[in-house]
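This report is a short description of one protein structure for a reader who has not met it before. Please look at the sequence and the model first.

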Amino acid sequence: MTGETHVFRPGAIALVTGASSGFGEAIAIELAAREVRVIATARSTARLAKLKDRLGDRVFPLALDVTDARATARLLEDLPAAWREVDILINNAGSDVGGRQPFEVGAIEDWANTIDINVTGLMRVSRAVMPGMLARGRGHIVNLGSIAALRPTAGLAAYGASKAAVHGFSDGLRAELRGSAIRVSEIMPGTARTGFAEARWRGDQAEAAKFYNAFKTLLTAEDVARAVIYALEQPPHVVVAELVILPTSQA
């Protein structure tokens, strides 16, 4: 680490959404390695239990569906008192189930779900956590965006729109928080080999493999986790506003 910052203070707490796999799991592991206590949230409690087994007392697993307005509103209330002062929020939970096909062919329910998870869910969790950050005068919000927000791609109309919204929200929130001690960073990865494609095609491993094999190089979840850590490790007067990371095949 380049030096302790206000968010990496002793006993710092991070909340990571979508922490059961992929980017979220890798980010949780990197944070825990830096002695950050991690509230790991996801819908899959079984996967969260495995992460808890791996990282021990540095992790508090919490079942959370970011599309559930009531659950996100009471998010902090569902945590033990010792885990409620969140210093770092990693808005990672995301979906593209039903994606990579023309908009008029896909199901509108899938497109709506993509927006609900990627945009509205991110806003819900941010709204639950931000007041405490402001009251304590410290905090860092990291939103996982996507290169799809900047590069329109056929078959990604809904997903690209959701990530464009994340991009706009991140910029707007940063403007609102200017002058406070709360930083807002957006990490915008290119294509990475995780379980995301398999989830997109509802568990079709062959289709996911076909998609990934079309690229000469791909990012890994660990690549993205290192980018998040880089943003967090900057001194308090520096904000990594947005960081685009790409595999060489997409550069």
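The text below goes through the sheet, the helices and a few single residues.

**The sheet**

The model is predicted. Its sheet is open and holds 7 strands, in the order β3-β2-β1-β4-β5-β6-β7, with parallel pairing. β3 (59-63) and β7 are the edge strands, each pairing on one side only. On average, and with direction ignored, neighbouring strands of this sheet are turned by 15° against each other.

Strand β1 (residues 13-16) runs parallel to strand β2 (residues 37-42), and 4 bridges join the two. Within this pair, Val-16 stands opposite Ala-40 in β2.

Helix α2 (residues 45-55) packs on the sheet, where it touches β2 and β3. The direction of α2 makes about 175° with that of β3. Helix α8 (residues 221-233) also packs on the sheet, touching β4 (88-91), β5, β6 and β7. The direction of α8 makes about 155° with that of β6.

**Helices α1 and α5**

Do the lengths of these helices agree or disagree with a rise of 1.5 Å a residue? Helix α1 covers residues 22-33, and because its 12 residues should span 16 Å at that rise, the 17 Å between its end C-alpha atoms agrees. Helix α5 covers residues 157-176; its 20 residues should span 28 Å, and its end C-alpha atoms are 28 Å apart, so the two values agree.

The buried residues of α1 are Gly-22, Phe-23, Gly-24, Ala-26, Ile-27, Ala-28, Leu-31 and Ala-32. In α5 the buried residues include Ala-158, Tyr-159, Gly-160, Ser-162, Lys-163 and Val-166. Also buried in α5 are His-167, Phe-169, Ser-170, Leu-173 and Arg-174. What do the buried residues of α5 pack against? Their partners are α4, β5 (139-144), β6 (182-189), α6 (196-200) and β7 (242-245).

**Single residues**

Thr-114 is placed in helix α4 (residues 108-136). Leaving aside neighbours within four places in sequence, Thr-114 is in contact with Ser-95, Asp-96, Val-97, Val-119, Ala-158, Tyr-159 and Ser-162. Among these contacts, Ala-158, Tyr-159 and Ser-162 are also buried residues of α5.

Lys-52 lies in helix α2. Not counting residues up to four places away in sequence, Lys-52 touches Asp-57, Val-59 and Pro-61. Lys-52 and Gly-179 are 127 residues apart in sequence, and their C-alpha atoms are 37 Å apart in space.

Most residues other than glycine have a negative phi. Glu-35 has a positive phi of about 65° although it is not a glycine. Glu-35 comes just after α1, in the loop between α1 and β2. Arg-100, in the loop between β4 and α4, likewise has a positive phi, near 60°, and is not a glycine.

The table gives the relative accessibility of these four residues; buried means under 20% and exposed over 50%, with partly exposed in between.

| Residue | Relative accessibility | Class |
|---|---|---|
| Thr-114 | 0% | buried |
| Lys-52 | 27% | partly exposed |
| Arg-100 | 31% | partly exposed |
| Glu-35 | 56% | exposed |

Thr-114 counts as buried because its 0% is under 20%. Glu-35 counts as exposed because its 56% is over 50%.

Technical notes. Residues are numbered from 1 along each chain as its sequence is written. This is a predicted model: local features need pLDDT of at least 70, side-chain atom pairs count only at pLDDT 80 or more; totals for chains, interfaces and linings use all residues. Side-chain values use heavy atoms; hydrogens and water are left out. The expected span of a helix is 1.5 Å times one less than its number of residues. Buried means under 20% relative accessible area, exposed over 50%, partly exposed in between (1.4 Å probe, protein chains only). Contact means heavy atoms within 4.5 Å. Two strands pair if DSSP finds at least two bridges between them. Axes are lines fitted to C-alpha atoms, for helices over the stretch in contact, and angles run from 0 to 180 degrees between N-to-C directions.
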